[in-house]
Amino acid sequence: MAPAPQPVPISSAQRAAVIIALLGEGAAKPIVDKLDDAALAKVAAALENLSMLTRDELIEIVMDFLSRLRKTNGALRGGRTRAKEVLSGVVDSGRLSLIFSDDSPETATDEDDEELSVWERLERREPKQIAAYLSRLSPNLIALILQKLDVSISSEVLGHMEGDKLGPMIGHMVEPRKADPGVDQVLGRMVEMEFLNAVQEEAEEGGENLASVGELLSLISSEKRDSLVAFLRSKHEDKLEGIEKSIFTLEGLPDLLPKNAVPVVFREVDQSFLLKLLGTLQGSNSAVSDYLLGNISSRMADQYRDDLSGMQPLAADEAETVQREFLNTLMGLKRRGLIVLERSAEKDA
């Protein structure tokens with residue numbers, strides 16, 4: 001018995017010709033318009049030399065075309081991030097670094113956020129955060145969203161989820177679903193509004209709130225401040241670091257007030273009040289006094305030192321009131337944008 005004839009391989013040009021023919025005139029015209037005469041001649045020749053194709057062969061060609069199309073997400077995204085992705089496959093890491101050597105972390109992050117899709121932005125969030133958000137949704141929505149993510153990320157998110165929704169959710173994932181661009185668009189917008197943007201706003205508002213608490217603690221007595229910080233450490237330790245960054249104590253002023261801001265303070269604050277303040281900084285806080293006087297003109301500093309030599313020390317409660325009022329004044333100068341009060345990264349390290 002003679003062996004069955006082997007099917008003749010279908011060339012790339014013939015596959016392209018089949019897809020163009022199946023698309024029809026309306027859908028195929030934009031593609032054909034992009035082809036030059038030589039390429040169009042190849043397609044025509046491929047159609048002329050193509051024998052009858054079976055239904056299975058047609059399905060295989062279409063499935064291959066859809067598979068390739070799916071890998072591109074239906075579009076080609078440009079931009080700096082996409083350029084890096086493309087070049088990383090053909091250029092070694094050293095050369096790639098040289099090509100994009102002008103990147104700064106802040107700029108790269110901003111551009112990435114603008115170029116990434118909703119689902120790519122979602123993949124950059126902490127899996128635990130994603131899980132907490134998804135837990136509030138219905139099982140079918142959870143399934144739709146997880147299917148949009150890379151499987152390694154989906155599995156990590158799933159590891160943080162518990163409850164009765166997991167069974168029905170998996171049931172939705174195994175059921176075949178017809179792609180609906182409209183539903184996907186609405187779903188993406190929902191995730192963006194309810195989670196991506198909300199998390200960013202919450203982080204920003206939370207930072208401002210912690211800074212306000214820090215400023216508040218700066219303006220109360222040291223005894224009361226120490227008591228409240230101890231309470232925060234026992235009950236809200238996760239927030240304490242953000243609060244402490246905004247606590248401005250007089251003792252820590254040399255680490256908080258830049259040298260070039262000291263002359264601004266002496267220009268904006270009443271001289272008689274500054275003299276009172278400097279009088280409270282003798283003894284244990286003399287380093288703060290030396291820092292302040294060391295960053296103004298020597299003539300002005302000598303004048304303050306002469307005036308201090310004839311001053312009587314203030315009572316403890318009065319001295320604390322003066323110091324607290326001075327810190328309050330510094331806060332006002334900061335809000336007006338005249339000075340900056342913050343710990344540098346080097347001093348924090």
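Reader: In which helix do R324 and E320 both lie?
Author: The model here is predicted. R324 and E320 are 4 residues apart, about one turn of the helix. The helix that holds both covers residues 316-335 and is named α20.

Reader: How far apart are N and O where the side chains of R324 and E320 meet?
Author: Side chains of opposite charge can pair when their charged atoms come close. The cut-off for a salt bridge is within 4 Å. R324 and E320 meet in a salt bridge, with an N to O distance of 3.3 Å.

Reader: What is the relative accessible area of R324, and what is that of E320?
Author: Buried means under 20%, exposed means over 50%, and partly exposed lies in between. R324 is partly exposed, with 28%. E320 is also partly exposed, and its value is 32%.

Reader: Which residues do salt bridges that share partners join into one network?
Author: Look for salt bridges with partners in common. Such bridges make one network here. Its members are R121, R189 and E192.

Reader: How many residues apart are E192 and R189 in helix α12?
Author: The side chains of E192 and R189 meet in a salt bridge, 3.0 Å from N to O. Both residues are in helix α12. They are separated by about one helical turn, because their spacing in the helix is 3 residues.

Reader: Which of the two, E192 or R189, is buried?
Author: The cut-off for buried is under 20%. R189 has a relative accessible area of 44%, so R189 is partly exposed. The other partner has 18%, so the buried one is E192.

Reader: Which residue forms a salt bridge with D302?
Author: Stay in helix α19, where D302 and its partner both lie. They are 3 residues apart, about one turn of the helix. The closest N and O atoms are 3.4 Å apart, and the partner is R305.

Reader: What are the relative accessible areas of D302 and R305?
Author: Partly exposed lies between 20% and 50%. D302 fits that class, with 43%. R305 is partly exposed too, with 39%.

Reader: How many salt bridges does the count come to?
Author: The pair of D302 and R305 is a salt bridge. So the rule of N within 4 Å of O is met there. Applied to the structure, the rule gives a count of 6.

Reader: How many aromatic pairs does the structure hold, and is the pair of Y133 and F195 stacked or edge-to-face?
Author: The structure holds 2 aromatic pairs. The rings of Y133 and F195 have centres 5.0 Å apart and planes at 25 degrees. Planes under 30 degrees apart count as stacked. The pair of Y133 and F195 is therefore stacked.

Reader: How many residues apart in sequence are the parts that Y133 and F195 tie together?
Author: Y133 lies in helix α8, residues 127-134. F195 lies in helix α12, residues 181-218. So the pair ties together parts of the chain whose separation in sequence is 62 residues.

Reader: Are Y133 and F195 buried or exposed?
Author: Under 20% is the cut-off for buried. Y133 has a relative accessible area of 2%. F195 has 5%, so this residue, like Y133, counts as buried.

Reader: Is the pair of F266 and Y304 stacked or edge-to-face?
Author: The ring centres of F266 and Y304 are 5.4 Å apart. Their planes meet at 80 degrees. Planes over 60 degrees apart decide the class, so this pair is edge-to-face.

Reader: Which helices hold F266 and Y304?
Author: The pair links distant parts of the chain, 38 residues apart. F266 is in the helix of residues 262-268, α16. Y304 is in the helix of residues 298-309, α19.

Reader: At what angle do helices α13 and α14 pack?
Author: Helix α13 covers residues 222-235, and helix α14 covers residues 237-244. Their axes are 6 Å apart, and their angle is about 140 degrees. That makes α13 oblique to α14, since roughly antiparallel needs over 145 degrees. The packing angle is about 140 degrees.

Reader: How many residues of helix α9 are buried?
Author: Helix α9 covers residues 139-146 and is mostly covered. Among its buried residues are P139, I142 and L146. Out of 8 residues, the buried ones number 6.

Terms used
Residues are numbered from 1 along each chain as its sequence is written. This is a predicted model: local features need pLDDT of at least 70, side-chain atom pairs count only at pLDDT 80 or more; totals for chains, interfaces and linings use all residues. Side-chain values use heavy atoms; hydrogens and water are left out. Axes are lines fitted to C-alpha atoms, for helices over the stretch in contact, and angles run from 0 to 180 degrees between N-to-C directions. Helices (H or I, at least four residues) and strands (E, at least two) are DSSP runs, numbered from the N terminus. Angles under 35 degrees count as roughly parallel, over 145 as roughly antiparallel, 65 to 115 as roughly perpendicular and the rest as oblique. Rings of Phe, Tyr and Trp (its six-membered ring) pair if their centres lie within 6.5 Å; planes under 30 degrees apart count as stacked, over 60 as edge-to-face and the rest as tilted. Buried means under 20% relative accessible area, exposed over 50%, partly exposed in between (1.4 Å probe, protein chains only).
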